[in-house]
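Visitor: I should like to learn how the terms used for a protein model are justified. Please take me through them with the model in view.

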Amino acid sequence: MTEEPPAAGHDLSRVVLPSRRGSARRDRRGRGLRGPLLPPTLPGWRTRGERFDETLLSTVERLEKHLGSDLDGVEFAVEEVPPSAPAPWETGAVPLGRYFPADPAAGLSHRIVVYRRPVVGRSADSEDIAALVRDVLVEQLAQMLGRDPEDIDPTYRD
């Protein structure tokens, strides 16, 4: 039971609030506590964003084996969408990724950002997503290293 709120200057210690019993809320109608809808062993356990992140990480690991120390200090990131103000050289289509050069004065290392929603929007299935992520990373790494994409990954555009 709840009493009326005290008027200004009255003692707040007299306010009585109803007790909340957590077990009564969690075990409604005697059917047991709620459990997860999907067990962690099923693919549906991970979100689409987590699956995209895993795809990006596996692609970066594969490229690191090929490029070795060229990727030391390079940061990779995923963002949902590109910023609303495009770079001056980005005209027409929505960018799928972007390379940000290092700025030692500001303490920033090389960064490559892949935009999840534009990549997923251009893909039909998870294999297309993986192939497009690979192409975007290869193109951005080629720009960063000043090399041709085919030098970065021989399977580029296969």
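Guide: The following conversation sets values against definitions.

Guide: This is a predicted model, in which local features need pLDDT of at least 70, side-chain atom pairs count only at pLDDT 80 or more, and totals for chains, interfaces and linings use all residues. Residues are numbered from 1 along each chain as its sequence is written, and side-chain values use heavy atoms, with hydrogens and water left out.

Visitor: What is the average pLDDT of the chain?

Guide: The average is 81, and 78% of the residues score at least 70; pLDDT is the predictor's confidence in each residue, from 0 to 100. Among the elements, helix H3 (residues 116-121) has the highest mean, 95, and helix H1 (residues 22-26) the lowest, 51. Helices (H or I, at least four residues) and strands (E, at least two) are DSSP runs, numbered from the N terminus.

Visitor: Why is aspartate 153 called buried?

Guide: Buried means under 20% relative accessible area, exposed over 50%, and partly exposed in between (1.4 Å probe, protein chains only). Aspartate 153 has a relative accessible area of 3%, and therefore counts as buried.

Visitor: What makes the pair of aspartate 153 and arginine 62 a salt bridge?

Guide: A salt bridge is a side-chain nitrogen of Lys or Arg within 4 Å of a carboxyl oxygen of Asp or Glu. The closest N and O atoms of aspartate 153 and arginine 62 are 3.1 Å apart, and the pair forms a salt bridge. The two residues belong to distant parts of the chain, 91 residues apart: arginine 62 is in helix H2 (residues 48-67), and aspartate 153 in the segment after helix H5 (149-152). Arginine 62 has 38% relative accessibility, so this residue counts as partly exposed.

Visitor: Why can such side chains pair at all?

Guide: Side chains of opposite charge can pair when their charged atoms come close.

Visitor: How many salt bridges does this rule give?

Guide: The count comes to six. One of them joins aspartate 70 and arginine 147, at 3.0 Å from N to O. Aspartate 70 lies in the loop between H2 and strand S1 (75-79), and arginine 147 in the loop between helix H4 (126-145) and H5, so the pair ties together parts 77 residues apart in sequence. Aspartate 70, with a relative accessible area of 32%, is partly exposed, and arginine 147, at 33%, is partly exposed as well.

Visitor: Which residues are joined into one network by salt bridges that share partners?

Guide: Arginine 134 forms a salt bridge with aspartate 135, their closest N and O atoms being 3.3 Å apart. Salt bridges with shared partners join Arg62, Arg134, Asp135 and Asp153 into one network. Arginine 134 is at 15% relative accessibility and so counts as buried; aspartate 135, at 12%, is likewise buried.

Visitor: How do you know that histidine 110 is partly exposed?

Guide: Its relative accessible area is 27%, so histidine 110 counts as partly exposed. Histidine 110 lies in the loop between strand S2 (97-100) and strand S3 (111-115). Beyond its neighbours within four places in sequence, histidine 110 is in contact (heavy atoms within 4.5 Å) with residues including Val74, Tyr99 and Met144. The C-alpha atoms of histidine 110 and valine 74 are separated by 4.9 Å, although the two residues are 36 residues apart along the chain.

Visitor: Why is serine 123 called buried?

Guide: Serine 123 has 16% relative accessibility, so this residue counts as buried. The loop between H3 and H4 holds serine 123.
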